[in-house]
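Visitor: Please take me through one part of this model in close detail, residue by residue. I would also like to know how that part is placed within the protein as a whole.

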Amino acid sequence: MTQTQITRPEVFIRALLGCAVVFLTIAVALMIQPSKALASPVVIDKSTVPDQNFRLLIETEYDIDGNWFLSDKEIAAVKEINAYSWQVGSFEGIKVLTSCEVFNARRSPIEELYLSGMVSLVEVYADPTGAKRINVSEC
């Protein structure tokens, strides 16, 4: 009975193929795992934040990398929104900032302020003469 001899290149190729199989298995496992890092970022534009001054506030204060998108990390970092004297007329789009605990809208010409469902919110400051309707239910 003859034995088949394995040459050095064949050993190398077999080892390389074995590594490739392990690598692909790990890659596929990682792709099917849910990951918060792969969540879609929130775009900062007229459709999500209609008020130009509020959009400018978000871009200036909270869009850390300046790409006009808010990542999960940037959203989580927003603990306080200080719109004092920014002349924001509408805070539509604020509910995206889910980690906000303190909200200051003093000296903003708002008539309506809807903050319902912002469960992290602990403090809200708004001028009583400016805002005619404020909804903070479920906060």
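**From strand 5 to helix 2**

Guide: Y114 lies in strand 5, which spans residues 112-114. The model is a predicted one, and every value that follows is computed from it. Y114 counts as partly exposed, because its relative accessibility is 41%, a value between the limits of 20% and 50%. Apart from neighbours within four places in sequence, Y114 is in contact with I94, K95, R133 and N135. The C-alpha atoms of Y114 and S90 lie 9.6 Å apart, with a sequence separation of 24 residues. Two of the residues just named, I94 and S90, lead to helix 2, since both appear among the contacts of F54. Helix 2 is the part to be examined closely here.

The setting of the helix may be given first. The protein comprises three helices and seven strands, and these elements follow one another from the N terminus in the order α-β-α-β-α-β-β-β-β-β. Of its 139 residues, 24% count as buried. The protein exposes about 9,900 Å², and 59% of this area is supplied by carbon and sulfur atoms. Among contacts with a separation of 6 or more, those between residues 24 or more positions apart make up 25%.

Helix 2 covers residues 52-61, and its buried residues are F54, R55, L57 and I58. These residues lie on the same side of helix 2, because they cover an arc of only 160° around the axis. The buried residues pack against strand 2 (69-70) and strand 3 (80-82).

The start of the helix involves D51, a residue of the loop between strand 1 (42-43) and helix 2. A side-chain oxygen of D51 comes within 3.0 Å of the backbone nitrogen of N53 at this point. D51 is buried, yet it has no salt bridge. The nearest side chain of opposite charge belongs to R55 and is 7.0 Å away, whereas a salt bridge requires a side-chain nitrogen and a carboxyl oxygen within 4 Å of each other. Beyond four places in sequence, D51 is in contact with V88, G89 and S90.

N53, whose backbone nitrogen the side chain of D51 reaches, lies in helix 2. N53 is partly exposed, with a relative accessible area of 27%. With residues up to four places away in sequence left out, N53 touches W86, Q87 and V88. V88 is thus a contact of both D51 and N53. The C-alpha atoms of N53 and F91 are 9.5 Å apart, although 38 residues separate them in sequence.

F54, also in helix 2, counts as buried because its relative accessibility is 0%, which is under the 20% limit. Leaving aside neighbours within four places, the contacts of F54 are V49, V88, S90, F91, E92, G93 and I94. V88 and S90, both touched by D51, are therefore also contacts of F54 under the rule that heavy atoms lie within 4.5 Å. F54 and I94 stand 40 residues apart in sequence, and their C-alpha atoms are separated by 9.0 Å.

R55 is the next residue in helix 2 to consider. R55 is buried but forms no salt bridge. Its nearest side chain of opposite charge is that of E59, at 4.7 Å. Residues up to four places away being excluded, R55 touches I44, D45, K46, V49 and P50. V49 is thus in contact with F54 as well as with R55.

One contact of N53 also deserves attention for its backbone. Q87, touched by N53, is found in the loop between strand 3 and strand 4 and has a positive phi of about 60° without being a glycine. Most residues other than glycine have a negative phi. Q87 is partly exposed, its relative accessible area being 44%. The loop between strand 3 and strand 4 (102-104) also holds S85, which is not a glycine but has a positive phi of about 65°. S85 counts as partly exposed, at 38% relative accessibility.

In summary, the buried residues of helix 2 pack against strand 2 and strand 3, the side chain of D51 reaches the backbone nitrogen of N53, and F54 is in contact with I94, a residue that Y114 of strand 5 also contacts.

Technical notes: Residues are numbered from 1 along each chain as its sequence is written. This is a predicted model: local features need pLDDT of at least 70, side-chain atom pairs count only at pLDDT 80 or more; totals for chains, interfaces and linings use all residues. Side-chain values use heavy atoms; hydrogens and water are left out. Buried means under 20% relative accessible area, exposed over 50%, partly exposed in between (1.4 Å probe, protein chains only). Helices (H or I, at least four residues) and strands (E, at least two) are DSSP runs, numbered from the N terminus. The arc is that of the directions from the helix axis to the C-beta atoms. A polar contact is a pair of N or O atoms within 3.5 Å; within protein, one must be able to donate a hydrogen and the other to accept it, and residues adjacent in sequence count only if both atoms are side-chain atoms. Accessible areas come from the Shrake-Rupley method with a 1.4 Å probe; for residues, only the protein chains shown count as cover. Lys and Arg count as positive and Asp and Glu as negative; His and the chain ends are not counted.
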